[in-house]
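This tour moves from the whole chain to individual residues. Please open the model in a viewer and make each selection in turn.

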Amino acid sequence: MKTVLSTEKAPQAIGPYSQGIDTGKLMFLSGQIPICPAEGKIIATDIEGQTKQSLENVKMVLASAGCTMDHVVKTTVFLKDMGDFTKMNEVYKGYFSEGSYPARSAVQVAALPQGALVEIEVVALKGE
């Protein structure tokens with residue numbers, strides 16, 4: 001059984017996919033690029049701002065299922081430039097509780113949708 005996660009507080013899917021899927025025990029969120037939901041486009045031009053917006057989008061999709069960032073068990077961070085890793089990491093660590101950071105992979109990719117500098121996807125445990 002699966003339930004589609006959807007919220008107006010995060011960017012709408014720009015293709016044939018869902019913002020996330022809730023399986024009852026695990027949630028799989030699609031990668032979030034830094035689209036500002038209110039504007040419908042990327043506003044931030046630097047990696048810090050784009051990382052923040054991507055993680056805010058993740059938070060909103062999780063919230064639609066009654067969960068928080070503390071429920072995240074795995075993240076994958078896609079970077080346009082691995083040279084942005086340190087700056088991304090500084091913003092990223094502020095979204096998770098120290099001592100219980102999720103597992104993570106970070107990779108450089110050739111390009112991201114809409115010219116984004118970062119995209120972040122997560123797997124989370126379903127909240128009680």
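A contact here means heavy atoms within 4.5 Å. In this predicted model, residues 24 or more positions apart account for 69% of the contacts in the protein chain with a separation of 6 or more.

**The whole chain**

Begin with the protein chain in cartoon representation, where two helices and eight strands can be traced. Their order along the sequence is β-β-β-β-β-α-β-α-β-β. The radius of gyration is 14 Å, close to the 14 Å that the globule rule gives for 128 residues, so the chain is as compact as a globular protein of that length. Along its principal axes, the C-alpha trace spans about 40 × 35 × 25 Å. If a surface is switched on, the accessible area comes to about 6,800 Å², and 53% of it belongs to carbon and sulfur atoms. Buried residues make up 41% of the 128 residues in the chain.

**The nonpolar cores**

Next, select Met 27, Leu 29, Leu 62, Met 69 and Val 77. Of the 25 residues in the largest nonpolar core, these touch the most other members. At least two residues of this core come from each of strand S3 (26-32), helix H1 (47-63), strand S6 (72-79), helix H2 (85-93) and strand S8 (118-125). Which element supplies the largest share of this core? That element is H1, with five residues. In soluble globular proteins, nonpolar side chains tend to be buried together.

Now centre the view on Met 69. Leaving aside residues up to four places away in sequence, Met 69 touches Leu 55, Val 58, Lys 59, Leu 62, Tyr 95 and Phe 96. Apart from the largest core lies another core, of five residues; Ile 35, Phe 78, Leu 112 and Ala 116 are among them.

**Val 77**

Move to strand S6 and select Val 77, which lies in this strand. Is Val 77 buried or exposed? Its relative accessibility is 0%, so Val 77 counts as buried. Beyond residues up to four places away in sequence, Val 77 touches Met 88, Tyr 92, Arg 104, Ser 105, Ala 106, Val 107, Val 118, Glu 119 and Ile 120. For a distance check, draw a C-alpha to C-alpha line from Val 77 to Ala 110: these residues are 33 residues apart in sequence and 13 Å apart in space.

**The aromatic pair**

From the contacts of Val 77, proceed to Tyr 92. The count of aromatic pairs comes to one. Tyr 92 and Phe 96 form this pair, which is tilted, with 4.8 Å centre to centre and 45° between the planes. Both Tyr 92 and Phe 96 are buried. Add Arg 104 to the selection: Arg 104 lies over the face of Tyr 92, at 4.5 Å from the ring centre.

**Two loop residues**

Select Gln 114, in the loop between strand S7 (103-108) and S8. The phi angle of Gln 114 is near 55°, a positive value in a residue other than glycine. With 47% relative accessibility, Gln 114 counts as partly exposed.

Finish at Ser 6, in the loop between strand S1 (3-5) and strand S2 (20-22). Which residues does Ser 6 touch, not counting residues up to four places away in sequence? Ser 6 touches Gln 12, Gln 19 and Ser 64. A last C-alpha to C-alpha line may be drawn from Ser 6 to Glu 119, which are 113 residues apart in sequence and 18 Å apart in space.

How values were computed. Residues numbered from 1 in each chain as written. Predicted model: local features only at pLDDT ≥ 70, side-chain atom pairs only at ≥ 80, totals over all residues. Heavy atoms only, no water. Phe/Tyr/Trp six-rings, centres within 6.5 Å; stacked < 30°, edge-to-face > 60°. Buried < 20%, exposed > 50% of the residue type's maximum accessible area, 1.4 Å probe, protein only. Lys NZ or Arg CZ within 6 Å of the ring centre and 35° of its normal. Helix = DSSP H or I, 4+ residues; strand = E, 2+ residues; numbered from the N terminus. Rg over C-alpha atoms; globule rule 2.2 N^0.38 Å. Areas by Shrake-Rupley, 256 points an atom, 1.4 Å probe, with all protein chains shown as cover. Core = buried A, V, L, I, M, F, W, Y, C linked by side-chain atoms within 4.5 Å.
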